[in-house]
Amino acid sequence: MPVRKTYKLYVGGAFPRSESGRCYPVTASDGGHLANAALASRKDARDAVVAARKAFSGWSGRTAYNRGQILYRIAEVMEGRRAQFAAEIAEADGIGAEKADELVSAAIDRWVYYAGWPDKIAQVLGAANPVSGPYFNLSKPEPAGVVAVLAPPMGPLLGLVSVVAPVIATGNTAVVLASERAPLPAVTLAEALAVSDLPGGVVNILTGKAADLAPHLASHADVDGLDLTGAGPDSAAELERSAADTLKRVLRPAGREDWLATPGTARMTPFLETKTVWHPVGT
């Protein structure tokens, strides 16, 4: 007899049950029951923000080289669970094994891609600025803080990795709301993150209803950035208005993204701030 799991949340490096004790059924593309996922509450979302804030100073304070090493380690751990990821994608989206394996490969490659950026992003976005006076004037990018990420409903693994990796590559910490339709690749990714040297709290993954949790994250005063990729067109504007009340940085994509395309720096720059330093020249 198959044993269907009831998955938990991933908060602060641990796997707690939802404080509500509730869960919801996850189904395959043909309607078959696959598992149960935790139905996160607003209290769970607040706990996740607390965990992300607690982890921020340690994560952003690491060397960029070390952050890149850890992102690469995530890719290595995912490689060891390739078959599980492929099976979950195939069941969720109703695609063949070959296509599912292609998407898993792309997701692993995406971690490797962003693993190369932490020690290079400052060279691309930073500058030695010309000034009229006896000073060095240097600008460098710094992480904004805690970023709430609404993962895309489609592309439950590649899309998820494509929105989470750039946030943490640049030193931010993340509270991620997984695809409500297909959350299993996200909870399996959480299991990979937990054994991949990533400090607890850097990535926190919630499963549940976006309609309940997204407004709470958008208005949360201790969230510094909001990625609206997974928000529908009707809710995105309202969430953006809520985020404006607390001066959050907001990424609101213009349309449906091609997750197989090379991402460039577009998903790293929205959650960076520029720090400028003046230093006198000579005596």
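1. Let me start at a small spot: Ala 127 stands opposite Ser 139 in E4. The model is a predicted one, so please read the points below in that light. Ala 127 brings us to the pairing of E3 with strand E4 (residues 135-143), which is antiparallel and runs over two bridges. A hairpin of six residues makes the connection from E3 to E4.

2. Ser 139 is a handy residue to follow further, as its bridge partner in E10 is Thr 276. E4 and E10 run antiparallel and are joined by nine bridges. Taken together, three strands give an open sheet with antiparallel pairing, in the order E3-E4-E10. Strand E3 (127-128) and strand E10 (272-280) are the edges; each has a single partner strand, so one side of each has no neighbour in the sheet.

3. Now for the other sheet on my list. Which order do its five strands take? The order is E7-E6-E5-E8-E9, in an open sheet with parallel pairing. Its edges are strand E7 (203-206) and strand E9 (249-251), each of which pairs on one side only. On average, neighbouring strands here are turned by 15 degrees against each other, direction ignored.

4. Strand E6 deserves a closer look. E6 (residues 173-177) pairs with E7 in the parallel sense over four bridges, and Leu 177 stands opposite Leu 206 in E7. With E5, the parallel pairing of E6 extends over five bridges; there, Ala 148 stands opposite Val 175 in E6.

5. Is E6 enclosed or left open by the rest of the structure? Five of the five residues of E6 are buried, so the strand is largely enclosed. In a regular strand, side chains alternate between the two faces of the sheet. For E6, both faces are covered: Thr 173, Val 175 and Leu 177 are buried on one side, and Ala 174 and Val 176 on the other. Helix H1 (residues 42-61) packs on this sheet, where it touches strand E5 (146-150), E6 and E7. The direction of H1 makes about 155 degrees with that of E6.

6. Just ahead of H1, I would point you to Ala 40, which lies in the loop between strand E2 (33-38) and H1. Ala 40 is buried, because its relative accessible area is 8% and the cut-off is under 20%. Leaving aside neighbours within four places in sequence, Ala 40 is in contact with Leu 9, Ser 18, Leu 206, Thr 207, Gly 208 and Leu 213. Among these is Leu 206, the residue of E7 that stands opposite Leu 177. As for distances, Ala 40 and Ala 64 are 24 residues apart in sequence and 32 Å apart in space, C-alpha to C-alpha.

7. On to the interior. The largest nonpolar core has 54 residues, and those with the most contacts inside it are Met 78, Trp 111 and Ile 168. A second core, separate from that one, has 26 residues and includes Val 11, Leu 150, Ala 218 and Val 223. Returning to Trp 111, its contacts beyond four places in sequence include Leu 71, Ile 74, Met 78, Ile 168, Leu 189 and Leu 193.

8. Trp 111 also takes part in a helix pair. How do H4 and H6 run relative to each other? The axes of helix H4 (residues 97-115) and helix H6 (residues 158-169) come within 9 Å and cross at roughly 10 degrees. The two helices are therefore roughly parallel to each other. On the H4 side, the residues in contact include Leu 103, Arg 110, Trp 111 and Tyr 114, while those of H6 include Leu 158, Ser 162, Pro 166 and Ile 168. By class, this contact has twelve nonpolar, one polar and one charged residues.

9. Finally, have a look at helix H7 (residues 184-193), which is mostly covered, with nine of its ten residues buried. Leu 184, Thr 188, Leu 189 and Leu 193 are among the buried ones. Leu 198 follows in the loop between H7 and E7. Leu 198 is buried too, with a relative accessible area of 7%. Not counting residues up to four places away in sequence, Leu 198 touches Trp 59, Ile 70, Ile 74, Ile 168, Leu 193 and Val 203. Leu 198 and Pro 183 are 15 residues apart in sequence and 21 Å apart in space, C-alpha to C-alpha.

Key:
Residues numbered from 1 in each chain as written. Predicted model: local features only at pLDDT ≥ 70, side-chain atom pairs only at ≥ 80, totals over all residues. Heavy atoms only, no water. Core = buried A, V, L, I, M, F, W, Y, C linked by side-chain atoms within 4.5 Å. Buried < 20%, exposed > 50% of the residue type's maximum accessible area, 1.4 Å probe, protein only. Contact = heavy atoms within 4.5 Å. Axes fitted to C-alpha atoms, helices over the stretch in contact; angles between N-to-C directions. Parallel < 35°, antiparallel > 145°, perpendicular 65-115°, else oblique. Nonpolar A, V, L, I, M, F, W, Y, C, P; charged D, E, K, R; others polar. Pairing = 2+ DSSP bridges.
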